[in-house]
Amino acid sequence: MISANNVTLRIGKKALFEDVNIKFTEGNCYGLIGANGAGKSTFLKILNGQLEPTNGDVTITPGQRLSFLQQDHFKYDAFPVLDTVIMGNQRLYDIMKEKDAIYMKEDFSDEDGIRASELEAEFADMDGWNAESDAAMLLNGLGIDSGYHYMMMSELTGPLKVKVLLAQALFGNPDILLLDEPTNNLDLDAIAWLEEFLINFENTVIVVSHDRYFLNKVCTHIADIDYAKIQLYAGNYDFWYESSQLMIRQMKEANKKKEEKIKELQEFISRFSANASKSKQATSRKKALEKIQLDEIKPSSRKYPYIDFRPSREIGNEVLTVEGLSKTIDGVKILDNISFIVGHDDKIAFVGSNELAKTTLFKIITGEMEPDEGSYKWGVTTSQSYFPKDNTRIFDTDLVIVDWLTQYSEIKDATYVRGFLGRMLFPGEDGVKKMRVLSGGEKVRVLFSRMMIEASNVLILDEPTDHLDMESITALNNGLIKFPGVLLFASRDHQIVQTTANRIIEFMPNGTMIDKITTYDEYLESDEMARKRQVYTMAKTDEEDN
């Protein structure tokens, strides 16, 4: 068990947390939620000892081991991948290294023998002989092939490092597991694996995530941070939402009844306070009136943007034809003879672990990259808006937000453009912020503003939920559901894919694809997908063996 006892954290004059008392018990998974800036990551740092609270303390059951997801992706660059995972249990790793050092000694003494014997006993008690195989199983489950296991961390790409650090946090069956945004940069297959891992995990988990489907799948409780307090709810994310809304409705109804009673008492007192025969009753009602207290109903600190993509013209029957697209990057075949036709009712989710294939396709069909082979053709009635995965180049400008957005508007009026910014939670003065100083979430909301201004009938979105809070993701989800045009998108957010897509295209690791008209959940359950994946896996195994 881990608990926060009267925890207060002040940053300057502001109290981020005040007198927080909460217990996290064994066998439960707690989803820690709250608006951006509410202090979710900060609270995890208090729990794992990285940050000292202003007042109060954190207690952990004696003898229990706490593990957390490291956020520094460069911390272990000097270590091999398997070693990095095993470092999730630092004591076990230290024993392994000390044993190795002793056995490497040329002048092996009696004292060394005794120490080695002690270490071997502790090593066996910690199931150390299975450490490497356990670490390998975690890596394989997250989609990191064995060929990477003995590479140095510095040789891995960012997304692979994230998976290794996640495996490190999960390693060795920790008693308390703290995960801050564990699904970031994970493909949907890895997220599904992590869901099953946490569902079967028998100890304590506290997780921060913006993925609503993930929270619904794994959480037994929700800890909601709002107004410097943490309120605990039993159940998953959807149950929290219904419960919190129900609580507000009940408080409003109770207040309404109290207000009616107050009015009734006030009218009686007003009518009869001067009446001698009724004065005793009036005095009694005054006392009753003084006892009635209305419940304080604070509005939530959460703010939801308003996302509404409205195309300026209807789309025709001919949307997009892709024929035989192939692309090799740095000697690796990313797309291999890809062909498909997009219809005017299509909402296509591009899924699979081959994220580079999705991004490469989007860059080709938006004209940012040339294919090696093949062609694509947009219908004459189409207009496209593109949300790129990497927006660094877009924001490398000294323009302020309003001036930059005005370039994309037919109506060259700052007030008109500011209207779109207002929907995306940018107050008037924020419109003159420079593009290059915006945060990750602000950049995403600016790009959504541009897409709404462009009013295109085809939206192409490459991982649009990165850097967004739960409220913005929900608003985006609702906006995409309502959008009447064509959608081509890649997203790790299971709920967005499930509620939006009517067609799934999965890019396989070898650059080929599966194309199926179905919802995402139906696709995941389909025999065809399982069979094709098995065929690919077998082919890859044969290839490696040869």
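Modeller: Two strands count as paired when DSSP finds at least two bridges between them. Keep that in mind for this predicted model. An open sheet here has three strands, in the order β2-β1-β4, and its pairing is antiparallel.

Colleague: What makes β2 and β4 the edge strands?

Modeller: Each of them pairs on one side only. β2 covers 14–24 and β4 covers 55–60. From one strand to the next, the twist averages 15°.

Colleague: How do you know that β1 and β2 pair?

Modeller: Count the bridges. Seven of them join β1 (residues 2–11) to β2. The cut-off is at least two, so the strands pair. Their sense is antiparallel. For one position, look at I2, which stands opposite F24 in β2.

Colleague: Which helix lies across β1, β2 and β4?

Modeller: That is α1, residues 40–47. Its angle to β2 is about 60°.

Colleague: Now β12. Why is strand β12 called mostly covered?

Modeller: Buried means under 20% relative accessible area. Five of the five residues in β12 (347–351) are buried. K347, A349 and V351 point one way, and I348 and F350 point the other way. Residues on both sides are buried.

Colleague: What strands does β12 pair with, and in which sense?

Modeller: One is β16 (residues 486–490), parallel, over three bridges. K347 stands opposite L487 there. Another is β17 (residues 503–507), also parallel, with four bridges. In β17, V351 has E506 as its bridge partner. The threshold is at least two bridges, so three bridges make a pair with β16 and four make a pair with β17.

Colleague: On to helices. What describes two packed helices?

Modeller: The angle between their axes and the distance between the axes.

Colleague: Then why is α3 called roughly antiparallel to α4, or is it parallel?

Modeller: The axes of α3 (residues 90–103) and α4 (residues 110–125) cross at roughly 150° and come within 10 Å. Angles over 145 degrees count as roughly antiparallel, so α3 is roughly antiparallel to α4. The crossing is left-handed. α3 brings R91, L92, I95, M96, E98, K99, I102 and Y103 to the contact, and α4 brings D112, R115, A116, L119, E120, E122 and F123. By class, these residues are eight nonpolar, no polar and seven charged.

Colleague: Why is α13 called oblique to α14?

Modeller: Helix α13 spans 414–423 and α14 spans 440–454. Their axes cross at roughly 130° and come within 9 Å. That angle is not under 35, not 65 to 115 and not over 145, so α13 is oblique to α14.

Colleague: Is that crossing right-handed or left-handed, and which residues meet?

Modeller: It is right-handed. V417, F420, L421 and R423 in α13 meet S449, M452 and I453 in α14. The contact divides into five nonpolar, one polar and one charged residues.

Colleague: How do you know whether α6 and α7 are parallel or antiparallel?

Modeller: Compare the angle with the cut-off. Helix α6 (residues 158–170) packs with α7 at about 5°, the axes being 13 Å apart. Angles under 35 degrees count as roughly parallel, so α6 and α7 are roughly parallel. K163, L166 and L170 of α6 contact A190, W193, L194 and F197 of α7. Six of these residues are nonpolar, none polar and one charged.

Colleague: Where is T183, and is T183 buried or exposed?

Modeller: T183 is in the loop between β6 (176–180) and α7 (188–200). Relative accessibility is 6%, and the limit is under 20%, so T183 counts as buried. Leaving out residues up to four places away in sequence, T183 touches I191, S209, D211, F214 and R492.

Colleague: Last one. What makes helix α11 mostly covered?

Modeller: α11 runs over residues 355–365, and nine of its eleven residues are buried. They are E355, A357, K358, T359, T360, L361, F362, I364 and I365.

Colleague: What phi does G367 take?

Modeller: G367 comes just after α11 and has a positive phi of about 85°.

Methods
Residues are numbered from 1 along each chain as its sequence is written. This is a predicted model: local features need pLDDT of at least 70, side-chain atom pairs count only at pLDDT 80 or more; totals for chains, interfaces and linings use all residues. Side-chain values use heavy atoms; hydrogens and water are left out. Axes are lines fitted to C-alpha atoms, for helices over the stretch in contact, and angles run from 0 to 180 degrees between N-to-C directions. A crossing is left-handed if the near helix is turned anticlockwise from the far one by less than a right angle, and right-handed if clockwise. Contact means heavy atoms within 4.5 Å. Ala, Val, Leu, Ile, Met, Phe, Trp, Tyr, Cys and Pro count as nonpolar, Asp, Glu, Lys and Arg as charged, and the others, Gly among them, as polar. Buried means under 20% relative accessible area, exposed over 50%, partly exposed in between (1.4 Å probe, protein chains only).
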